[in-house]
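Reader: Hello! I'd be glad of a close look at one part of this protein, the positions that the database record annotates as a binding site. Could you walk me through them and then place them in the wider chain?

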Amino acid sequence: MSSSLVKMAILFASLLIMFPRSNAQLSTTFYDYTCSNVSSVVRGVVERAAQNDVRIGAKLIRLHFHDCFVDGCDGSLLLDDADGIESEKSAGPNAGSVDGFEVVDEIKTALENVCPGVVSCADILAISSQILVSLAGGPTWQVQLGRRDSRTANQAGVIGALPNALETLEQITEKFNNVGLDSTDLVALSGAHTFGRARCAAFSHRLYNFNSSGNPDPNLDTTYLETLRQTCPQGGSNDNTLNNLDRSSPDDFDNDYFTNLQNKQGLLQTDQELFSTSGANTVGIVNRFADSQSDFFDSFAQSMINMGNIRPLTGNNGEIRLDCKRVN
């Protein structure tokens, strides 16, 4: 590249930083002039993290999901308690359930070293989710970028916005619809449970006294039930014991999750309801994804893009945090 073109690129990057577009939209090329190596920097950090923690992919996707469902994809979940800020991390559905914050901090530090003040924490969640899905054998997609970070959190809004493991399919669907996502998005994004773990406390109600019936969930395979009872005995003594969300290929990103649902081997109530709720439009989608991994991969990629587009802050709104845990 000639020196004149280099100077023009530097000038353009400076203008983008000083005068962000007030009505900017997310774009796959957002950092082309301001931080062109953003993906490679993120990849370097998450590849190292994955060598030490096989669950890191599931953890960071969960952060992205839990962030986007509460006031949009704005990095608010990453904020610690501070003056005027009650962290979303300690709200019911997040407390003891979300993890991986230290890896986000490592990514942010690495990016600040090469592109100071440019890449948002909200975008870090989106980029790292895509890379980690791909590393686990899943699909890749062009990540839309240009989100900015919030200057506040909404602890009070977490419970009403986030799905939880005890809700019905109708309740979960409503929460997805509230943020502009449909049934295909619901089933596809639930497919992220093809890797990761869940604590006994999240599903033990299915094992012994489902809906106060005195019996286990009838939509739970009996052999699988006995396996889970061995890990999660009645009485809650093992509430924090982790179990594979996908019993057949727990660390691979594939479509086995949907085959498990067909065999009544979904771990969470909200997983199994996608297939076992009579007359639900999600049943056909589960069957479709079980029959075709490529169909699932294509839909998952599009649904991740859809989720990443939930009410992002762009243009002059919000800020680019220098530390993901606190506002500037």
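Author: Happy to; here is a walk through the annotated positions, followed by a charged side chain and the chain as a whole. Please keep in mind that this is a predicted model.

Let's start with the record. Under "binding site", an unreviewed UniProt entry lists Thr194, Asp246 and Asp254. These positions are spread over 61 residues of sequence, yet they cluster in space, with a largest C-alpha distance of 9.8 Å.

Take Thr194 to begin with. You will find Thr194 in the loop that runs between α8 (183–190) and β1 (197–199). Its relative accessible area is 0%, so Thr194 counts as buried, the limit being under 20%. Setting aside neighbours within four places in sequence, Thr194 is in contact with Asp246, Ser249, Pro250, Asp252, Phe253, Asp254 and Tyr257. Two of the names in that list, Asp246 and Asp254, also appear in the "binding site" annotation.

Asp246 comes next. Asp246 sits in another loop, the one between β2 (242–244) and α10 (256–262). Asp246 has a relative accessible area of 0% and is therefore buried as well. Again leaving out neighbours within four places in sequence, the contacts of Asp246 are His193, Thr194, Asp254, Asp256, Tyr257 and Asn260. Tyr257 is thus touched by Thr194 and by Asp246. The side chains of Thr194 and Asp246 are also joined by a polar contact of 3.3 Å.

The unreviewed entry has a separate annotation too: His66 is listed there as "active site". His66 belongs to helix α3. With a relative accessibility of 4%, His66 counts as buried. Beyond its neighbours within four places in sequence, His66 is in contact with Leu77, Pro93, Asn94, Ser97, Val98 and Leu162.

Some of those partners lead on to a charged residue that may interest you as a chemist. Lys89 lies in the loop between α3 (56–68) and α4 (101–114). Not counting residues up to four places away in sequence, Lys89 touches Leu77, Leu78, Leu79, Asp80, Asn94, Ala95 and Phe101. Leu77 and Asn94 are therefore contacts of both His66 and Lys89. Is Lys89 buried or exposed? Lys89 is buried, because its relative accessible area of 18% falls under the 20% limit. A polar atom of the Lys89 side chain lies 3.3 Å from the backbone oxygen of Leu78. As one more spatial reference, the C-alpha atoms of Lys89 and Ala122 are 15 Å apart, with these positions 33 residues apart in sequence numbering.

Now for the wider setting. The protein chain holds 13 helices and two strands. Its radius of gyration is 21 Å, which agrees with the value near 20 Å for a compact globule of 328 residues. Along the principal axes, the C-alpha trace spans about 75 × 45 × 35 Å. Buried residues make up 51% of the 328 residues, and Thr194, Asp246, His66 and Lys89 are among them. Of the contacts with a separation of 6 or more, 74% are between residues 24 or more positions apart. The chain exposes about 14600 Å², and carbon and sulfur atoms supply 48% of that area.

Key. Residues numbered from 1 in each chain as written. Predicted model: local features only at pLDDT ≥ 70, side-chain atom pairs only at ≥ 80, totals over all residues. Heavy atoms only, no water. Helix = DSSP H or I, 4+ residues; strand = E, 2+ residues; numbered from the N terminus. Buried < 20%, exposed > 50% of the residue type's maximum accessible area, 1.4 Å probe, protein only. Contact = heavy atoms within 4.5 Å. Polar contact = N/O pair within 3.5 Å; in protein donor to acceptor, adjacent residues only side chain to side chain. UniProt positions renumbered as here; feature names shortened; annotations may be inferred. Rg over C-alpha atoms; globule rule 2.2 N^0.38 Å. Areas by Shrake-Rupley, 256 points an atom, 1.4 Å probe, with all protein chains shown as cover.
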